[in-house]
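These are my notebook entries on a structure I examined residue by residue. I kept each entry brief and grouped the look-ups by subject.

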Amino acid sequence: MPITDVPRGLAGVVVTDTALGDVRGREGFYHYRQYSAVELAQTRSFEDVWHLMFRGSLPDAQQRARFAAETAALRRLPQDVREALPGIARAGARSGPLAGLRTALSLLGASAGLRPLYDTAPARREADALAACAAVPALLTALYRLGQGLEPVEPRDDLPHAANYLYMLTGTEPDARRARAVEQYLVSTIDHGFNASTFTARVIASTGADLAACLCGAIGALSGPLHGGAPSRALDTLDAIGTPGRIDSWIRERVLAGDRIMGFGHPVYRTEDPRSRMLRGIAQEFGGDLVDFAVEVEGRVEAILAELKPGRELHTNVEFYAGVVMELCGLPREMFTPTFCAARVIGWSANILEQADDSKIIRPAARYVGPPPPQPVPAVLD
């Protein structure tokens, strides 16, 4: 097969067909199936959108109740996994819950006897994916609490997905306002085109590997600072600037030094990130000094970037206001990226299920640029 040159990083290269959604970077729009993702976040529950991604339609009232009950029943972890979590938390004390999740999820898959996707029927694949998605919030919150010297909090079947996540994290039932703000954030980050972690999950799925292997690979990709590892770093930027009077000097110094300003710029969007716009609105509903400062920093950073990097469209991305909203809702910063993961696992799993229906392995090529072969193998010198 002839080798075809493509843009660096596969930017803009279409590698498959999908019915799950798309990102239109020049329009500042993305969707889940046929619905605006932002509109879904504003009007629907997390469970509704989970149902949409897995089963292809938004549920009616009866379907919603059945699906919520079905997924809530899957939140409790198997005993052998529960017993292993303290050791995983201790071993990963310096790495945090997201690193521990990779180990815990592998153990969960082994405990459940997950078979390769290649060897399982579609109904079994979906059941495995539902169980994994329901377990991830319980694993993340348990690992966090154990790392803080606290006991894990058992999930509650009577709470919606987002409220239950906050309950397992803090041990306190959240007020409706904060639960809804976090739910909107979770819905808005369920899926986002063929980003690095989703593509990683699909590559692994194309080999026929089991679901846990696919998800662990995706988590590894998400953990990178250039992908999902930025919400807390964006908030750290606000801390580093400190006061409005330091905004311009701090930003100019970083831009002129060639440093990346976390929370700004996106590989796809050439307009404002619609997720950032929505989350800014949620933050402004809470109000307060942090929100006012974030909005001021956003305006000045965009103005300075436009001055120093003319012709480039650089705006806030999802991480900038995601960090602000999660801070306002009481989430610890070390749980910002894990919370992103708790939402994105739905999109990963939907993509894995879709990829499993395609028997073609993803196997691109690379151009060799080393010394010309074949070179003679040198003899071993005495």
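I take helices to be DSSP runs of H or I, at least four residues long, numbered from the N terminus. The model is predicted.

**Entry 1. Asparagine 351**

I began with asparagine 351, which I found in helix α16 (residues 336-356). Is asparagine 351 buried or exposed? Its relative accessibility is 2%, so I recorded asparagine 351 as buried. I then looked up the polar partners of its side chain. The side chain of asparagine 351 makes a polar contact of 2.8 Å with the side chain of arginine 202. The side chain of asparagine 351 also reaches the backbone oxygen of glycine 347, at 2.9 Å. Setting aside residues up to four places away in sequence, I listed Thr18, Leu20, Asp191, Phe194, Thr198 and Arg202 as the residues that asparagine 351 touches.

**Entry 2. Asparagine 164**

I turned next to asparagine 164, in helix α7 (residues 161-170). Asparagine 164 counts as buried because its relative accessibility is 2%. Which backbone atom lies 2.8 Å from a polar atom of the side chain of asparagine 164? I identified the backbone nitrogen of arginine 156. Arginine 156 also appears in the contact list of asparagine 164, together with Arg75, Pro155 and Leu159, once neighbours within four places in sequence are left aside.

**Entry 3. Histidine 31 and arginine 33**

I located histidine 31 in strand β2 (residues 29-32). Histidine 31 has a relative accessibility of 15% and therefore counts as buried. Leaving aside neighbours within four places in sequence, I noted contacts of histidine 31 with Leu20, Gly21, Asp22, Arg24, Ser36 and Ala37. I also noted that a polar atom of the histidine 31 side chain lies 2.4 Å from the backbone oxygen of arginine 33. For a long-range separation, I looked up proline 376, which is 345 residues from histidine 31 along the chain. The C-alpha atoms of histidine 31 and proline 376 are separated by 55 Å.

Arginine 33 merited its own look-up. I placed arginine 33 in the loop between β2 and β3 (35-36). Its relative accessible area is 17%, so arginine 33 is buried. Arginine 33 is not a glycine, yet I read a positive phi of about 50° for it. Most residues other than glycine have a negative phi, and most peptide bonds are trans.

**Entry 4. A cis peptide bond**

With that second point in mind, I looked for a peptide bond that is not trans. The bond from proline 373 to proline 374 is cis, with omega near -10°. I placed proline 374 in the segment after α16.

**Entry 5. Helix pairs**

Two packed helices are described by the angle between their axes and the distance between the axes. I applied this description to two pairs.

I looked first at helix α9 (residues 196-206) and helix α10 (residues 211-222), whose axes come within 8 Å and cross at roughly 155°. At that angle I therefore described α9 as roughly antiparallel to α10. Their crossing is right-handed. From α9, the residues Ala196, Ser197, Thr200, Ala201, Ile204 and Ala205 meet Ala213, Cys214, Gly217, Ala218, Ala221 and Leu222 of α10.

I followed up alanine 213, which lies in helix α10. With a relative accessible area of 30%, alanine 213 is partly exposed. Alanine 213 and glycine 109 are 104 residues apart in sequence, but I found their C-alpha atoms 8.2 Å apart in space.

I then looked at helix α2 (residues 46-55) and helix α3 (residues 61-72), which pack at an angle of about 90° with their axes 10 Å apart. On that angle, I therefore described α2 as roughly perpendicular to α3. In α2, I listed Glu47, Asp48, Trp50, His51 and Arg55, which meet Gln63, Arg64, Phe67, Ala68, Glu70 and Thr71 in α3.

**Entry 6. Cysteines**

How many disulfides are there when a pair of cysteine sulfur atoms must lie within 2.5 Å? I counted 0 disulfides. Cysteine 133 is in no disulfide, and its nearest cysteine sulfur, that of cysteine 341, is 9.7 Å away. Cysteine 133 counts as buried, because its relative accessibility is 0%. Cysteine 216 is likewise in no disulfide, and the sulfur of cysteine 214, the nearest cysteine sulfur, is 9.3 Å away. At 13% relative accessibility, I recorded cysteine 216 as buried.

Note on methods
Residues numbered from 1 in each chain as written. Predicted model: local features only at pLDDT ≥ 70, side-chain atom pairs only at ≥ 80, totals over all residues. Heavy atoms only, no water. Disulfide = S-S within 2.5 Å. Buried < 20%, exposed > 50% of the residue type's maximum accessible area, 1.4 Å probe, protein only. Helix = DSSP H or I, 4+ residues; strand = E, 2+ residues; numbered from the N terminus. Contact = heavy atoms within 4.5 Å. Polar contact = N/O pair within 3.5 Å; in protein donor to acceptor, adjacent residues only side chain to side chain. Axes fitted to C-alpha atoms, helices over the stretch in contact; angles between N-to-C directions. Parallel < 35°, antiparallel > 145°, perpendicular 65-115°, else oblique. Left-handed = near helix turned anticlockwise from the far one by under 90°.
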